[in-house]
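Reader: I'm new to reading protein models. Could you walk me through this one by answering some questions?

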Amino acid sequence: MTQLTSALPTRESGHHRTPSRWTLTEVMRKAEHEMVVCNACRYCEAYCPVFQAMEQRVTFQSADLTYLANLCHNCGECLYACQYAPPHEFNIDVPRTLSRVRVESYESFAWPSFAAVAFRRPWVTTFVALAVGAVISFIAARTFQARDADFYKVIPHDVMVMIFGVVGLFVAAAIAVGHRRFTTIADLKGPRRSSHVASPPRPGPSPRRSATLDVLTLKHLHATGEDCVDAEEKRRPWRRWLHHCTFYGFALCFASTTVAAIYHAFGWIAPYAYTSAPVVLGTVGGLGLVIGPAGLLMLDQRRDPALTHASERALGFAFLTMLLLTSVTGLLLLALRERPYMPTLLVIHLAIVLALFITFPYGKFVHGIYRGGALLKFRREESL
Amino acid sequence: MHAAPTDVLTDTYPEDEFMADLLRVTGGLTDQTLASMMIRASADLPRRMSRFGVRFQPSLRGTLHLGRTNAFFLGGGKALMNSAYAAAERLGVRIVYEADVVGLCIRDGRFESAEVQTPHGTESIAGRTVVLAAGGFESNLDWLAEIWGEAASNFIIRGTPYNTGTVLRLMLDAGAEPVGDPSQCHAVAIDARAPKFDGGIVTRLDSVPLGIVVNRHGDRFYDEGEDYWPKRYAIWGRLVAQQPDQIAYSIIDAKAVGRFMPSVFPPIVAGSIRELGSALGIPAGTLAATIERFNAAVRPGTFDHQTLDDCRTEGLVPNKTHWAQRLDAPPFHAYPLRPGITFTYLGVKVDEHARVVMKGGLADNIFAAGEIMAGNILGRGYVAGVGMTIGTVFGEIAGRESAAFRLGVR
């Protein structure tokens with residue numbers, strides 16, 4: 001008389017014993033069972049969109065689970081609140097299960113498809129990317145002796161544009177294909193509503209606008225009016241704030257480069273003064289990119305391992321390290337740009353930036369793409 | 001109760017209505033002085049609880065439509081307990097886990113010490129005052145068997161396996177005045193495949209009013225459409241407990257699929273009634289005859305799950321008085337049902353200071369809160385959420401009064 005309990009992974013076969021031996025179907029099956037249990041309970045519905053989206057469904061196919069997994073912001077509310085969390089025999093640990101499903105979805109959307117392997121070995125991926133970046137920037141370097149702060153004497157502007165143009169196009173294409181695969185899979189069956197839940201359409205802002213605000217404010221890390229927990233009954237804003245530092249720091253650095261490119265096009269050639277727009281944007285952004293990733297790395301050390309699957313943690317660790325290396329070498333380059341070892345620093349910095357770009361489609365960076373897509377789908381379903 | 005809409009409750013729930021609800025479900029088996037104390041104290045409860053980090057759902061979207069009378073905890077009961085424990089720890093309260101009270105030393109109505117068993121051995125803990133908050137005896141299978149005999153072995157306990165009633169039994173043996181119906185427990189019909197303990201909310205099944213329920217002989221035994229399910233699910237535990245082997249089967253056809261809250265256990269599916277009968281291990285002929293008679297007795301009507309509609313049977317014993325539709329659209333789905341015990345009513349009598357009443361008079365320094373004294377107010381029956389209200393209000397009173405006693409204020 002225990003059909004479900006025998007179908008559920010037992011504590012012996014469950015993840016905390018043998019994480020690496022889970023096959024895709026096992027993970028999906030565990031996620032499906034968890035959503036079935038959650039859907040019969042629904043006490044977590046006010047916590048986040050995952051449970052609200054779940055309630056619109058009666059069955060959970062891989063597509064639904066992929067969508068829900070990418071909607072999950074990986075806080076801890078539902079785990080600590082759950083009476084069915086381990087050691088209960090139902091063994092419900094939604095954050096970690098969805099974390100695993102998420103990484104598997106990153107793999108399955110990767111383009112080219114064989115690059116899925118990159119997600120399984122984040123450090124190998126990082127080192128390969130660093131090696132490629134180092135080779136390219138070393139070859140591109142014309143001299144290692146320069147006394148003024150003119151980067152283009154080391155690597156000519158056109159060469160830089162060509163390198164980043166080619167890499168940038170490839171990265172953009174890989175991300176676009178991944179996003180397309182995600183939308184195709186997660187939207188396969190279109191927005192769903194279960195027949196027994198009937199509610200009138202809700203007027204409100206457009207889904208696209210809501211989803212953008214969700215991303216820019218990280219609304220669902222404090223949607224109940226308080227910050228989500230990252231340990232039992234511990235509500236701290238750090239994860240959200242540090243993510244903001246990282247996200248906006250990166251955005252400012254990107255803006256700095258864009259402004260510099262515009263200046264260059266109009267004939268105003270670098271180096272720019274410390275008070276110029278590109279340098280100010282880059283410096284503030286760079287500081288954000290130091291504080292954010294460094295803080296997140298420190299938080300991760302103290303984070304409850306029950307919340308995140310090891311595979312996702314490793315991706316985060318690699319990505320944050322690369323961001324930190326980028327910002328630290330960038331700021332060093334700025335501070336020491338008139339010193340004799342500027343060319344060496346420049347080549348190192350460019351190698352790291354190249355490696356960062358190359359790993360964008362094959363690492364933690366993609367979480368933003370798929371989370372954004374999932375949030376848009378959520379807001380669309382909500383507006384129906 | 002609340003006199004005006006709040007952030008977590010709609011409309012109003014006046015004191016009189018709350019009391020009327022309580023008198024109705026308990027059949028008068030309630031201490032009205034304590035009951036009105038509790039009802040009045042409940043008005044401001046959400047605010048008082050939120051000071052300890054307890055959070056409530058902003059609005060209820062669930063299926064029970066209880067937004068007027070019930071505030072729901074954000075994240076449920078365990079989230080509530082997490083907040084309460086964290087608040088206690090912040091106040092410097094020492095919490096000892098895996099500790100079982102196995103003995104109480106009480107002399108002339110005065111508590112002296114408790115014998116506590118921990119993984120490190122048994123120790124005696126003395127105290128100038130004590131608050132007993134040790135629950136009922138619903139997970140004590142032997143005690144249940146004393147009352148219900150062999151049937152008790154087929155009961156499923158919805159909550160923790162730790163409600164063994166040890167402290168309740170110790171108090172009754174020490175001369176505490178009992179209160180509440182000792183022969184009753186709150187039992188709902190839940191999915192028979194639920195774990196023996198701690199299956200909680202997800203094992204409930206809402207399909208009953210949409211079909212028929214038969215026992216293991218294949219016979220119907222009660223009006224499945226008597227009233228809205230949230231008002232009736234609590235009597236079905238007893239109904240199933242009275243059936244042979246304490247098992248019954250809720251049977252629906254394709255028309256009802258997807259019309260009730262998703263169930264955690266998959267339905268048993270069959271293409272025909274006979275097939276279903278053999279899948280369930282009940283006499284297929286009887287089941288087919290039962291359903292044939294039921295189908296023939298269904299009167300024409302307009303089905304509406306949201307109202308007490310006019311779809312009913314005529315000439316059946318028992319009739320189904322609402323939502324009666326012919327079971328004729330395969331595939332047929334069945335869910336097995338067993339009694340799921342939520343709580344027991346027997347407890348210790350207390351006064352308005354939550355102080356335990358002993359046979360020889362008031363106890364000196366013994367207070368009680370929660371299920372162990374809930375029988376003072378809820379001698380039988382159930383009003384949604386009243387257990388939490390009793391627990392919280394009398395928890396506050398017992399804490400305050402025992403502190404006052406300890407400090408010699410009273």
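Reader: Is B:Pro331 buried, exposed or partly exposed?
Author: In this predicted model, what decides it is how many other C-beta atoms, placed from the backbone, lie within 10 Å of a residue's own: 20 or more is buried, 12 or fewer is exposed, and in between is partly exposed. B:Pro331 has 14 C-beta neighbours inside 10 Å, so B:Pro331 counts as partly exposed.

Reader: Before we go on, how do the numbering and the confidence limits work?
Author: Residues are numbered from 1 along each chain as its sequence is written, while chains are lettered from A and ligands numbered from 1 in the order in which they are written. As this is a predicted model, local features need pLDDT (the predictor's confidence in each residue, from 0 to 100) of at least 70, and side-chain atom pairs count only at pLDDT 80 or more, but totals for chains, interfaces and linings use all residues.

Reader: Where in chain B is B:Pro331, and which residues does B:Pro331 touch?
Author: Helices (H or I, at least four residues) and strands (E, at least two) are DSSP runs, numbered from the N terminus. B:Pro331 is in the loop between helix H9 (284–297) and strand S11 (332–344) of chain B. Contact means C-beta atoms, placed from the backbone, within 7 Å. Leaving out residues up to four places away in sequence, B:Pro331 touches B:Ala254, B:Val269, B:Ala270 and B:Gly271.

Reader: Which residue of S9(B) is the bridge partner of B:Val214?
Author: B:Val214 is in strand S8 (residues 212–215) of chain B, and B:Ile212 and B:Val214 on one side and B:Val213 and B:Asn215 on the other are all buried. S8(B) pairs with strand S9 (residues 248–252) of chain B in the antiparallel sense over four bridges; strands pair if DSSP finds at least two bridges between them. In S9(B), the partner of B:Val214 is B:Tyr249.

Reader: How far apart are the centres of the two domains of chain B?
Author: The bounds, from an automatic or database domain assignment, give domain 1 (15–184 + 345–407) and domain 2 (187–340) of chain B. Where they meet, 13 residues of domain 1 of chain B are in contact with 16 of domain 2 of chain B. Their C-alpha centres lie 34 Å apart.

Reader: Why does the largest nonpolar core lie between those domains?
Author: A nonpolar core is a set of buried Ala, Val, Leu, Ile, Met, Phe, Trp, Tyr and Cys residues joined through C-beta atoms within 7 Å. The largest has 202 residues, with A:Val37 and B:Leu337 among those with the most contacts inside it. The core lies between domain 1 and domain 2 of chain B because residues come from both domains.

Reader: Which residues of chain B does A:Val37 touch?
Author: Not counting residues up to four places away in sequence, A:Val37 touches A:Tyr84, A:Phe90 and A:Ile92. From chain B, the partners are B:Val202 and B:Val264.

Reader: Which helix of chain A has the lowest mean pLDDT?
Author: Chain A has a mean pLDDT of 88, and helix H14 (residues 310–335) of chain A has the highest mean among its elements, 97. Over residues 1–22 of chain A, though, the pLDDT is below 50. Where pLDDT is low, the predicted coordinates should not be read in detail. The lowest mean, 36, belongs to helix H1 (residues 3–7) of chain A.

Terms used:
Two residues are in contact if their C-beta atoms, placed from the backbone, lie within 7 Å.
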